[in-house]
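Please open the model in your viewer and keep the selection panel at hand. The tour below proceeds stop by stop, saying what to select and what is found there.

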Amino acid sequence: MLNIYDPAFVKKLFNRMSASYERMNYITSLGFSLIWRHQFIDTIKTSDQPVQVLDLLSGLGENWSILLKKFPNGKFVALDFSESMIQSSSKKNHKKLNNRFLILQQDILANELHEGKYDIITCAFGLKTFDEEQLQQLAKRVFNALKKDGKFSFIEISMPPNKILCFFYKLYLSKIIPVLGSLFLGNPSDYKLLWVYTEKFKNCNKAKLIFEENGLHVKYKSYFFGCATGLIGTKQPTTNTL
Ligand SMILES: C[S@@+](CC[C@H](N)C(=O)[O-])C[C@H]1O[C@@H](n2cnc3c(N)ncnc32)[C@H](O)[C@@H]1O
């Protein structure tokens with residue numbers, strides 16, 4: 001039986017989608033993805049210190065310009081396992097970003113991260129392709145990789161709790177997006193799958209519990225009436241961390 005959470009399956013999916021992903025991501029979120037990217041990164045305080053930043057599941061490097069502005073003296077690492085995504089993001093890193101990012105091509109589930117290295121971990125739209133067990137592994141890695149007072153912010157497309165909004169969002173993501181997908185890509189089934197993942201994922205509630213079980217201090221965040229949800233938090237809270 002097809003396992004949509006099998007890393008090999010997910011990797012192939014993103015390898016196929018890489019050429020159209022940025023445009024489609026923008027369209028799937030009705031243009032909100034850009035606003036959400038700013039908002040989820042803005043949950044972490046701006047710093048001009050040489051902070052160590054890890055952008056997980058970095059895709060085409062969509063978060064990178066925002067991260068560079070927010071942490072101008074940061075040291076940046078990005079991680080993704082899709083060769084095609086990495087190929088495009090490496091070009092961007094080289095041509096536009098002065099090679100500020102060290103890009104790791106790794107499966108986050110199969111590799112440990114550098115222990116206690118990072119002040120900040122960000123991750124946009126990468127949670128939905130993990131099942132519960134994989135989220136457990138991810139949470140462990142985030143916990144291990146963060147410094148004691150390290151912070152993180154994750155965001156994911158979600159099903160809004162309002163039934164009417166959810167109906168139209170579902171119609172849009174499950175019916176209209178695949179048609180747009182076929183126009184851009186000739187492969188509507190890949191884009192239909194994005195909705196399948198979102199419907200199973202629902203929102204960041206479960207991930208919040210899993211992150212907490214793994215020792216992280218987490219606050220749940222809703223973006224635009226729950227069309228996206230997120231997790232912000234820290235390894236060890238101080239009074240003004242969350
Ligand atoms: C939906 S894209 C998100 C890309 C980007 N962060 C963004 O903001 O749009 C998810 C990314 O996670 C990567 N990914 C999924 N599972 C992974 C894993 N186990 N290890 C490393 N990368 C993974 C995929 O290759 C893909 O580039």
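The stops run from the whole chain to the sheet, the helices, the ligand and some single residues.

**Before starting.** This is a predicted model, in which local features need pLDDT of at least 70 and side-chain atom pairs count only at pLDDT 80 or more, while totals for chains, interfaces and linings use all residues. Residues are numbered from 1 along each chain as its sequence is written.

**Stop 1: the whole chain.** Select the protein chain and display its C-alpha trace, which spans about 45 × 40 × 35 Å along its principal axes. The radius of gyration is 17 Å, which agrees with the value near 18 Å for a compact globule of 242 residues (taken over C-alpha atoms; the globule rule is 2.2 Å times the number of residues to the power 0.38). Of the 242 residues, 44% count as buried. A residue is buried if 20 or more other C-beta atoms, placed from the backbone, lie within 10 Å of its own, exposed if 12 or fewer, and partly exposed in between.

Cartoon display shows eight helices and seven strands, which are DSSP runs numbered from the N terminus (helices: H or I, at least four residues; strands: E, at least two). Among the contacts in the chain with a separation of 6 or more, 72% are between residues 24 or more positions apart; a contact requires C-beta atoms, placed from the backbone, within 7 Å.

**Stop 2: the sheet.** Next, select the seven strands. They form an open sheet in the order E3-E2-E1-E4-E5-E7-E6, with mixed pairing; two strands pair if DSSP finds at least two bridges between them. Which strands stand at the edges? They are E3 (101-105) and E6 (217-223), each with a single partner strand, so one side of each lacks a neighbour in the sheet. Neighbouring strands are turned by 15° against each other on average, direction ignored (axes are lines fitted to C-alpha atoms, for helices over the stretch in contact, and angles run from 0 to 180 degrees between N-to-C directions).

Now restrict the view to E2, residues 75-80, which runs parallel to E3 and is joined to it by five bridges. Val-77 has Leu-102 of E3 as its bridge partner. Strand E1 (residues 52-56) also pairs with E2 in the parallel sense, over five bridges, and here Leu-56 is partnered by Leu-79 of E2. Five of the six residues of E2 are buried, which leaves the strand mostly covered.

**Stop 3: two helices across the sheet.** Add helix H4 (residues 83-95), which lies across E2 and E3 and runs at about 170° to E3. Then add helix H2 (residues 32-42). It lies across E4 (118-124), E5 (146-157), E6 and E7 (228-234), running at about 160° to E5.

**Stop 4: the ligand.** Select the ligand and the residues around it. How many residues surround the ligand? There are 20, the closest being Leu-57, Gly-59, Phe-81, Ser-82 and Ala-124 (a residue is included if its C-beta atom, placed from the backbone, lies within 6 Å). Helix H1 (residues 7-28) contributes the largest share of this shell, four residues. By class, the shell holds ten nonpolar, seven polar and three charged residues. Here Ala, Val, Leu, Ile, Met, Phe, Trp, Tyr, Cys and Pro count as nonpolar, Asp, Glu, Lys and Arg as charged, and the others, Gly among them, as polar.

**Stop 5: two phenylalanines with positive phi.** Select Phe-125, in the loop between E4 and helix H5 (132-145). Its phi is near 60°, a positive value in a residue other than glycine. Is Phe-125 buried or exposed? With 25 other C-beta atoms within 10 Å, Phe-125 is buried.

Move on to Phe-225, in the loop between E6 and E7. Phi of Phe-225 is also positive, near 55°. Phe-225 has 13 other C-beta atoms within 10 Å and is therefore partly exposed.

**Stop 6: Pro-7 and Lys-202.** Pro-7 belongs to helix H1 and, with 16 C-beta neighbours inside 10 Å, counts as partly exposed. Leaving aside residues up to four places away in sequence, Pro-7 touches Asp-107 and Leu-109. A C-alpha to C-alpha distance of 8.7 Å separates Pro-7 from Thr-129, 122 residues apart in sequence.

Finally, select Lys-202, in the loop between helix H7 (188-201) and helix H8 (205-213). Lys-202 is partly exposed, having 16 C-beta neighbours inside 10 Å. Its contacts, not counting residues up to four places away in sequence, are Ser-158 and Met-159. Lys-202 and Ile-41 lie 22 Å apart, C-alpha to C-alpha, and 161 residues apart in sequence.

Technical notes:
Contact = placed C-beta atoms within 7 Å.
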